[in-house]
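This report looks at one helix and one strand, together with the strands that pair with the latter. Please keep the sequence and the structure in view while reading.

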Amino acid sequence: MARTLMRLAGAVLAAALAGVSLPALAQVEVRMWTLLSGGDGARMRDLVERFNASQREVRVVSTTLKWGEPFYTKLITSTVVGAGPDIATVHLSRMVNLAGGGVLRPIAPFELSGADLSDTDFYPRQWQKAVYQGKIYAVPIDLHPLVLYYNKTLTGRAGLLDAAGQLQPIEGIDALTDAFRAVRQATGRPGMTMESSQSSYAVWRLWVSMLAQRSVPLIKDGRFAYGRAGEDSLARIAGWFQKGYAQAGLDYAASTSQFMGGNAGFMINGVWEVPELVRASTQGTLGFDYGIVPLPRMYGNASVWADSHAFAIPANEKNPMEPAKVKAVMRFIAFVSKNSLGWAQGGHVLAYRPVAESPQAMALTPNASYAGIADHVVYDPDAWYMGAAGPLEAMASKFMPAALSSQLTPAQALRMFETEAARLVRKRPPRY
C-alpha cells in the first residue's frame, strides 16, 4: 500500500512538473426556475452570482418565468414528465397544491442538517407552512404582508400625524374610514389607493385579512363559512370607493403610480413596493416624505394577509435527483439563507432568524416600522385550490372588484364567486 501511494504521489508530481493538467472534479450544475422579477429578480440574481463566485464546485443557472399561474403550470407539467428544474422558488401558500399533488420532493432532515440548517433557524409560522403531512417540502426565504403606506404631506394636512410627524394610531374600521375621509376633505385628493380593477388581487388579500381579524373562517367543513361577516367586510371596502375616498377601476400600476405621484394619502399594498419608495426618496424624485405602518387593527385582532417565497425541490419522479445534486441544491439554499440581508432591502421580512434578528437587519429602514407584523400574519387557508395565483383567488378577483365600482352589490359579487368556486371546494385534490 505504501509503495502504491508513493508511486501515485510521484506520478502527480511528475505530471505537475511536466505541465500536464490532471482532470478536475466535474462542477455540479443546478438549474433553478424562479418567478421573481423586477427588484426581487435583481436581488436573487445577485445572490446567485455571489454564490457562484464563492466556490467552484457548484454553479447555479437561473431562469425567470412569468409570475403566477403560467409559472406554476409549467412547473407542474415539466415535473410530471421528469423535466423540471433542480430547484424552484415557490409561494408557501401553494404548498398543499404542490406537495399534495406530488410536484415537490420532500427534504429529509439529514439533508437539511447537512447544509447546516435547522427548523429552529426559521420562524415557526413560516416553517409550519413549509411542512405538509409531517414532511419538509420547502425552505422559507421571506414573509411579505400587506401594510399601510402613508404620504406625510397629505396626512399631515388632514391632522393625522403626531408631533414627531408619525401617523397617529388608527384603531377600528370606522377610524380607518375616517382617516381616508379626512384626507379627501382636507386635500381634495383620494384618501386611499389600491388596485381595484377586474382581476386585482388586493381586494382578496384585504378581505381575507378582515375575516381573520373578525375570527371568521373562510371555509369550514368543505363550505364557505364567512356568512354575513364576509358580505359586511366587502361592503366596508366598497364604501371607500363609492364615497369617493378612493378611485375604482385602477390596475396595479395605476394605483401605485397614484400614490408615488403624491396623489393619495394612503396606499394598501404589499411590502414589495418598499424598494421603489426608497429609491425615489434617495434620488429626490418622490416629492414627499412617506411612512409605513402595519395594516391597522380594524376588528378584534391585528391579523394581516401575507405570503412567503421559499425554495423547493421539484420531484421529477421519472428522473430522480442524485445525492450529489441534492447536496449542491441544499448548499445554495443555505448560502441564500445566511446571506439574506440584501433580500430584506426588498422590503421583505426575512424568514432566517439569525439574519432577521441581527443588528444590521433590525436597523434597516423603513423595515423596522413594520417588523413586528410577523406575529400577526395569516396565510390563505390550506387547500389545493388556494394560494398565490391559485384558482380560488383568480375567481374571487373576477367578482369582488365589481363591488368596488358598484357594478355588483357585495352580496351579488360574493354569491357569483361562491357559485363558480363551489366546484373547486367539492373537487378531489389532484395528483399530478
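Helix α9 (residues 202-213) has 12 residues, and because each should add 1.5 Å, with the expected span being 1.5 Å times one less than the number of residues, a span of 16 Å is expected, which agrees with the 17 Å between its end C-alpha atoms. This is a predicted model, in which local features need pLDDT of at least 70 and side-chain atom pairs count only at pLDDT 80 or more, whereas totals for chains, interfaces and linings use all residues. Residues are numbered from 1 along each chain as its sequence is written, and side-chain values use heavy atoms, with hydrogens and water left out.

Helices (H or I, at least four residues) and strands (E, at least two) are DSSP runs, numbered from the N terminus. In α9, 12 of 12 residues are buried, that is, under 20% relative accessible area with a 1.4 Å probe and protein chains only; among them are Trp204, Arg205, Trp207 and Gln213. Just after α9, Ser215 has a positive phi of about 55°.

Strand β15 (residues 309-314) is likewise mostly covered, with 6 of its 6 residues buried. His309, Phe311 and Ile313 point one way from β15, while Ala310, Ala312 and Pro314 point the other way. In a regular strand the side chains alternate between the two faces of the sheet.

The strands that pair with β15, where pairing requires at least two bridges found by DSSP, are listed here.

| Strand | Sense and bridges to β15 | Opposite residues |
|---|---|---|
| β3 (residues 87-91) | antiparallel, 4 bridges | Thr89 and Phe311 |
| β4 (residues 104-105) | antiparallel, 2 bridges | Leu104 and Pro314 |
| β7 (residues 139-140) | antiparallel, 2 bridges | Val139 and Phe311 |

Technical notes
Buried means under 20% relative accessible area, exposed over 50%, partly exposed in between (1.4 Å probe, protein chains only).
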